[in-house]
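Visitor: Please show me the sequence and the model. I would like to go through the helix packing, the sheets and the salt bridges in turn.

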Amino acid sequence: MSRIRAGEHRGGGVRRFLTAVLAVILLAVGYLALDVADVVPGILTRDAAAATPAAPTPSGTATATSPPATVPTPAVSASPLVAADVSAPLPAPTVLEAALADELADPALGPSVGVTVRDAYTGARLLDVDADRPRVPASTAKMLTALAVGVTLDPASTLPTTVVQGRTPGEVVLVAGGDALLGVGKGRTTAVAGRAGLGDLAAQVAAALQAAGTGAVTVRLDMTYAAGPRYAPGWSMADVHAGFSQGVSMLGLASQRPRPGHPSPSVSEDAVLEAFVAALRKAGISAKAAPDGTRTLAAAADAAELGRVESAPVRDVLALALDDSDNALTESLARQATVRAGGASTFAAAVAHVRKTVEGLGVDLTGVRLTDTSGLARGQVVPARVLGDVLALGASGTVPTMRDTLAQLPVAGLDGTLADRFDERGSRTAAGVARAKTGTLTGSSGLAGTVVDRDGRVLTYVVLADRVPGGFAGTVTARAALDRFVAALASCGCR
């Protein structure tokens with residue numbers, strides 16, 4: 001969902017259980033997760049724990065979830081799953097249109113629905129329904145940002161968090177480098193959130209200080225990297241205070257990502273500073289944080305480095321942002337990409353960079369209006385056609401980084417913002433064979449992703465409904481209707 005963070009992915013045991021169970025099921029029915037064009041739901045290679053998203057709040061503000069208390073049961077198709085096959089027959093457009101007619105006419109979707117369905121391999125348009133009309137994208141807008149981030153930043157690069165010598169012997173400076181997913185203790189080498197650990201960083205710094213005969217220090221921050229406003233115009237502070245989103249910062253703790261009823265600290269870097277000071281003390285250094293009002297001080301350009309930890313690769317951070325529909329994390333990556341390209345570290349500059357990059361790759365942005373890069377703010381519109389064009393760049397392999405992004409989208413019925421979806425009788429045929437980026441605001445709901453149809457053909461699809469009736473309850477009902485639409489695609493040979 002959009003305006004959703006599906007809760008921090010914790011609990012590798014859940015991930016291993018789900019992956020093992022679904023692997024057995026898929027093998028039993030003969031599914032071969034062929035990575036043709038790297039857009040097939042290759043769930044046997046997924047490395048993300050499941051989290052259960054919640055529905056939008058009655059007020060229309062962002063929603064989020066906590067990690068599941070129990071292991072969810074994977075939704076499994078009642079029909080045999082087939083191998084993705086580039087030689088599989090192409091659906092006939094007229095037959096496909098007829099097969100989807102009931103789903104598109106579902107009253108739960110309301111009177112404003114835009115759709116585009118295309119062949120992943122050739123880009124052939126199989127179905128367009130009012131696809132040029134601008135509609136509220138919610139978090140499906142993150143797909144444009146993912147495209148721009150993927151071609152601007154090196155996907156294999158990491159985000160450093162360093163500590164350097166301060167301007168006096170008794171001072172060190174913690175330098176932000178864009179990692180808002182720091183762990184408090186030791187880093188976890190197989191994780192995305194918590195890959196870099198403050199405990200490891202403190203151990204390095206303590207060793208360097210002790211070697212120099214320094215046993216007591218004051219710790220300051222250097223927040224000059226990609227420094228900018230925390231909140232985009234149009235964001236609801238009520239969402240932030242309720243724990244449905246957070247401000248954008250280039251330094252933060254993985255354990256303090258927001259969830260309903262548990263908002264992030266208003267100044268996330270201060271929490272990092274306090275945690276690092278505590279880690280230094282544990283490592284044998286008498287440390288204290290600089291006083292409020294004097295905490296931030298840019299490090300000298302030639303300051304000696306005392307320690308360094310690195311985030312997970314950017315491609316994995318981006319995948320987590322999409323998996324959880326994490327608005328602040330998406331905005332952080334967009335800002336860093338913008339700065340890398342020479343732009344300002346503002347929300348407006350990030351929007352301009354995304355537009356320029358996407359247009360430069362041949363996507364016509366007629367009808368697109370964006371005010372942020374995450375889809376959180378109201379008043380934004382994107383035609384389904386534009387999202388279809390973005391998917392096509394990845395599905396065809398034209399933009400390899402976008403292909404990789406599609407390959408890491410949440411899997412229907414398994415993880416991320418799709419963990420608790422595709423589990424009803426009318427939608428189970430898409431479980432395990434569809435991927436999607438969700439987008440949900442009260443009154444608007446959408447999906448954009450890939451699916452393998454009954455004959456093994458990989459299709460891309462976008463469906464946006466932005467006049468969903470019934471407020472909060474109606475928006476929840478619309479999600480199920482969208483799931484049935486995708487299931488109809490998965491069930492249809494349509495020849």
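Visitor: At what angle do helix H10 and helix H11 pack?
Guide: This is a predicted model. In it, H10 covers residues 384–395 and H11 residues 400–407, and their axes are 6 Å apart. The angle at which they pack is about 100 degrees.

Visitor: Are H10 and H11 roughly parallel or roughly perpendicular to each other?
Guide: The packing angle is about 100 degrees. Angles of 65 to 115 degrees count as roughly perpendicular. H10 and H11 are therefore roughly perpendicular.

Visitor: Which residues of H11 make the contact with H10?
Guide: On the side of H10, the contact is made by Val390, Leu391, Gly394 and Ala395. By class, the contact has 5 nonpolar, 1 polar and 1 charged residues. The residues from H11 are Met402, Arg403 and Leu406.

Visitor: Which strands are the edge strands of the sheet with the order E4-E3-E14-E13-E12?
Guide: This is an open sheet of 5 strands with antiparallel pairing. An edge strand pairs on one side only. The edge strands are E4 (125–129) and E12.

Visitor: What does the twist of that sheet average from one strand to the next?
Guide: The sheet in question has the order E4-E3-E14-E13-E12. From one strand to the next, its twist averages 5 degrees.

Visitor: How many residues of strand E12 are buried?
Guide: Ala434, Ala436, Thr438 and Thr440 point one way from E12, and these are buried. Arg435, Lys437, Gly439 and Leu441 point the other way and are buried too. E12 is therefore largely enclosed by the rest of the structure, its buried residues numbering 8 of the 8.

Visitor: Which residue of the hairpin of E12 and E13 takes a positive phi?
Guide: E12 and E13 (residues 444–452) run antiparallel and are joined by 8 bridges. Thr438 stands opposite Leu447 in E13. The hairpin has 2 residues between the strands, and the positive phi, near 95 degrees, belongs to Gly443.

Visitor: Which residue in E14 stands opposite Ala448?
Guide: E13 and E14 (residues 458–465) pair in the antiparallel sense over 8 bridges. Opposite Ala448 in this pairing stands Val462.

Visitor: By how many degrees are neighbouring strands turned on average in the sheet with the order E9-E8-E7-E6-E10?
Guide: This open sheet of 5 strands has mixed pairing. Its edge strands are E9 (286–289) and E10 (305–310). With direction ignored, neighbouring strands are turned against each other by an average of 25 degrees.

Visitor: Which residue in E10 stands opposite Pro160?
Guide: Strand E6 (residues 160–165) and E10 run antiparallel, joined by 5 bridges. Opposite Pro160 stands Glu310.

Visitor: Which strands does helix H6 touch where it packs on the sheet?
Guide: H4 also packs on the sheet, touching E6, E7, E8 and E10, and its direction makes about 165 degrees with that of E10. The direction of H6 (residues 268–282) makes about 155 degrees with that of E8. The strands that H6 touches are E6, E7, E8 and E9.

Visitor: How far apart in space are Gln210 and Gly284, C-alpha to C-alpha?
Guide: Gln210 is in helix H4 (residues 198–211). Not counting residues up to four places away in sequence, Gln210 touches Ala283, Gly284 and Ile285. Gln210 and Gly284 are 74 residues apart in sequence, yet their C-alpha separation in space is 8.9 Å.

Visitor: Where do Asp389 and Arg125 lie?
Guide: Their side chains meet in a salt bridge (3.7 Å, N to O). Asp389 counts as buried at 16% relative accessibility, while Arg125 is partly exposed at 42%. The pair is 264 residues apart and links distant parts of the chain, Asp389 in helix H10 and Arg125 in strand E4.

Visitor: Is Arg421, the partner of Asp483 in a salt bridge, buried or exposed?
Guide: The side chains of Asp483 and Arg421 meet at 2.8 Å, N to O. Asp483 lies in helix H12 (residues 471–491) and Arg421 in the loop between H11 and E12, so the pair ties together parts that are 62 residues apart in sequence. Asp483 has a relative accessible area of 5%. Buried means under 20%, and at 2% Arg421 counts as buried.

How values were computed. Residues are numbered from 1 along each chain as its sequence is written. This is a predicted model: local features need pLDDT of at least 70, side-chain atom pairs count only at pLDDT 80 or more; totals for chains, interfaces and linings use all residues. Side-chain values use heavy atoms; hydrogens and water are left out. Axes are lines fitted to C-alpha atoms, for helices over the stretch in contact, and angles run from 0 to 180 degrees between N-to-C directions. Helices (H or I, at least four residues) and strands (E, at least two) are DSSP runs, numbered from the N terminus. Angles under 35 degrees count as roughly parallel, over 145 as roughly antiparallel, 65 to 115 as roughly perpendicular and the rest as oblique. Contact means heavy atoms within 4.5 Å. Ala, Val, Leu, Ile, Met, Phe, Trp, Tyr, Cys and Pro count as nonpolar, Asp, Glu, Lys and Arg as charged, and the others, Gly among them, as polar. Buried means under 20% relative accessible area, exposed over 50%, partly exposed in between (1.4 Å probe, protein chains only). Two strands pair if DSSP finds at least two bridges between them. A salt bridge is a side-chain nitrogen of Lys or Arg within 4 Å of a carboxyl oxygen of Asp or Glu.
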